[in-house]
Amino acid sequence: MKRLLSAVALAAALCAGGAAQAAVVTFNNPGVIDIDNNTGVATYTEAGYKIVGAAAAFLPISDASLGEVLVGGFDTTPFSLMSSTGAAFALLGLDYAFYDLGISPGVLSVLGFSNGVQVASRALNLAGINALTHINFNSSWINVTEVRFSGTSGFALDNINAVPEPGTLALTTSALLVMGTGMGFIRRRRQA
């Protein structure tokens, strides 16, 4: 019985850990941007994910026409989205738009990395994209540890949909099966 309860407790912990990473980063209630004064690196954290880059590379703002968004492209300096725990994840989709910083619309570059190796890329033309436009990402964006954004002009991001890596989802599913089997065992034992 102790083993069964331990398995159930472990399964519950595994389920809680995997579910905590699934998120849509919305910038609706922006928190503090932590800036390391020694390195000039800024970190913004929301919903189990962090955005990291040079202090002047990005800024969460409230815009009259776009709503609460993250603005980048102040120069060509990239910034990155990563899991707060460093775990791999899948980028499913996001909303993007041109943001006028006094430069004509350019290109938003989105690069996917897995442990430092580039595995995916997407170039999004910002010309004529003055309202948030949704884009979905394919299977190349599964199991990434970093998504890097940079632009040749200003751009806005919103509703970044990121979920745990498939391995984490499989582990969570396994944990649920263990829990279900354990609960069935307890139920059968009480009936006997």
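**Strands, hairpins and a surface patch**

Leucine 59 sits in strand E5, which covers residues 58-63. Keep in mind that this is a predicted model. Leu59 is partly exposed because its relative accessible area is 39%, which falls between the 20% and 50% cut-offs. Together with Phe74 and Leu101, Leu59 makes up a nonpolar surface patch with about 240 Å² of accessible area in total. The rest of this briefing goes through E3 and its partners, then E8 and its partners, then a serine in E7.

**E3 and its two faces**

- Strand E3 takes in residues 41-46, and its side chains alternate between two faces.
- On one face you'll find Ala42, Tyr44 and Glu46, which are buried.
- Val41, Thr43 and Thr45 point the other way and are not buried.
- That fits the usual picture, as side chains in a regular strand alternate between the two faces of the sheet.

**E3 with E2**

- E2 (residues 33-35) pairs with E3 in the antiparallel sense, over 3 bridges.
- Isoleucine 35 has alanine 42 of E3 as its bridge partner, and Ala42 is one of the buried residues of E3.
- The E2 and E3 hairpin has 5 residues between the strands, and there glycine 40 takes a positive phi near 75 degrees.

**E3 with E4**

- E3 also runs antiparallel to E4 (residues 49-54), and 6 bridges join the two.
- Threonine 45 has lysine 50 of E4 as its bridge partner; Thr45 belongs to the face of E3 that is not buried.
- Here the hairpin has 2 residues between the strands, and alanine 47 takes a positive phi near 55 degrees.

**E8 and its neighbours**

- E8 (residues 89-98) is mostly covered, with 9 of its 10 residues buried.
- E13 (residues 155-164) runs antiparallel to E8, and 8 bridges join them.
- One of the pairs here is alanine 90 with its bridge partner, valine 163 of E13.
- E8 is also joined to E11 (residues 133-136), again antiparallel, by 4 bridges.
- Leucine 94 stands opposite isoleucine 135 of E11.

**Serine 83 in E7**

- Serine 83 belongs to strand E7, residues 79-83.
- Serine 83 counts as buried because its relative accessibility is 1%, against a cut-off of under 20%.
- The serine 83 side chain makes a polar contact with the threonine 85 side chain, at 2.9 Å.

Conventions:
Residues numbered from 1 in each chain as written. Predicted model: local features only at pLDDT ≥ 70, side-chain atom pairs only at ≥ 80, totals over all residues. Heavy atoms only, no water. Buried < 20%, exposed > 50% of the residue type's maximum accessible area, 1.4 Å probe, protein only. Pairing = 2+ DSSP bridges. Polar contact = N/O pair within 3.5 Å; in protein donor to acceptor, adjacent residues only side chain to side chain. Patch = residues over 30% accessible without salt bridge, like charges linked within 9 Å, V, L, I, M, F, W, Y side chains within 5 Å. Areas by Shrake-Rupley, 256 points an atom, 1.4 Å probe, with all protein chains shown as cover. Salt bridge = Lys/Arg side-chain N within 4 Å of Asp/Glu carboxyl O.
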